[in-house]
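Let's take a walk through this structure, one region after another. Keep the 3D view open as you read.

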Amino acid sequence: KEKLYDAGFVKGQTDLPLLVRMDNLKLLKPQDIIKDYRPKALKGTQVLKEGEKAPAPIKQNRQIVTEKLRDEWGDFVAWNLDTNGPEVITRDDAAISKNYALEGEFTVQHAASGEKIRARPVFDLVKEHASHFTPEVVSDICHVSKAAVIELGREIAKNKSKVLIAVG
């Protein structure tokens with residue numbers, strides 16, 4: 001609500017800018033909007049062909065995955081505000097912070113059928129879901145004061161690189 005998040009970090013280090021199809025709530029894939037799309041080559045990841053052995057651990061200087069896993073991952077799509085259009089993102093590109101939309105609804109055209117697909121960034125959907133968890137609601141759930149909930153949120157925002165949130 002107070003926009004205390006680090007937008008550059010969110011855009012370049014999380015999956016929050018990735019677009020979600022509103023018709024099936026799955027991530028929008030390049031294949032949905034680009035005819036005959038093939039996943040891009042990765043620079044920061046070594047992809048092993050079937051039967052190929054990984055180098056000895058001492059010689060591994062980047063992530064290593066099988067071709068099957070790479071194909072399963074595929075690539076992703078975000079909305080680039082500078083070009084006002086969809087942009088394909090690979091796992092290598094994910095660490096590059098660009099001017100990706102975090103909020104809004106965008107329309108793209110399906111490559112095969114030509115039908116319009118509405119899509120929203122993951123951030124926008126999480127924000128909508130989180131809007132139900134007002135300080136009053138969280139106060140009631142956690143049995144702490146509303147002021148404590150607000151203060152904790154602000155303290156986390158002030159100490160971005162010093163906060164560890166354990167989950168599980």
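Before we start, one term: two residues are in contact when they have heavy atoms within 4.5 Å of each other. Also bear in mind that what you're looking at is a predicted model.

With that in hand, pick out Val77. Ignoring its neighbours within four places in sequence, Val77 is in contact with Pro17, Leu18, Leu19, Leu28, Lys29, Pro30, Ile33, Pro86 and Glu87. Val77 also belongs to the largest nonpolar core, which has 10 residues in all. The other members of this core are Leu19, Leu28, Ile33, Trp79, Ala101, Phe106, Val108, Ile117 and Ala119. Which elements give two or more residues to this core? They are β4 (76-80), β6 (106-109) and β7 (116-121). Apart from this core lies another one, made of 7 residues, including Phe76, Ala78, Ile89 and Val122.

Now follow β7, since two strands pair with it. One is β1 (residues 19-21), which runs antiparallel to β7, with 3 bridges between the two. Here Arg21 sits opposite Ala119 of β7, and Ala119 is one of the residues of the largest core. The other is β6, also antiparallel to β7, this time joined by 4 bridges. Look for Thr107, whose bridge partner in β7 is Arg118. β6 and β7 make a hairpin, with 6 residues between the strands. In the turn you'll find Gly114, which has a positive phi of about 80 degrees.

Next, the helices. α5 (residues 135-142) packs against α6 (residues 146-158) at an angle of about 110 degrees, and their axes are 8 Å apart. How do the two helices lie relative to each other, roughly parallel or roughly perpendicular? Angles of 65 to 115 degrees count as roughly perpendicular, so α5 is roughly perpendicular to α6. On the α5 side, Pro135, Glu136, Val138 and Ser139 take part, and they meet Lys146, Val149 and Ile150 of α6. By type, the residues of this contact are 4 nonpolar, 1 polar and 2 charged.

Last stop: Val47, in strand β2 (residues 45-48). Is Val47 buried or partly exposed? Its relative accessible area is 30%, and buried means under 20%, so Val47 counts as partly exposed. Setting aside neighbours within four places in sequence, Val47 is in contact with Glu52, Val65, Thr66, Glu67 and Arg70. As for Asp71, it is 24 residues from Val47 in sequence and 10.0 Å away in space, C-alpha to C-alpha.

Definitions and conventions:
Residues numbered from 1 in each chain as written. Predicted model: local features only at pLDDT ≥ 70, side-chain atom pairs only at ≥ 80, totals over all residues. Heavy atoms only, no water. Core = buried A, V, L, I, M, F, W, Y, C linked by side-chain atoms within 4.5 Å. Buried < 20%, exposed > 50% of the residue type's maximum accessible area, 1.4 Å probe, protein only. Pairing = 2+ DSSP bridges. Axes fitted to C-alpha atoms, helices over the stretch in contact; angles between N-to-C directions. Parallel < 35°, antiparallel > 145°, perpendicular 65-115°, else oblique. Nonpolar A, V, L, I, M, F, W, Y, C, P; charged D, E, K, R; others polar.
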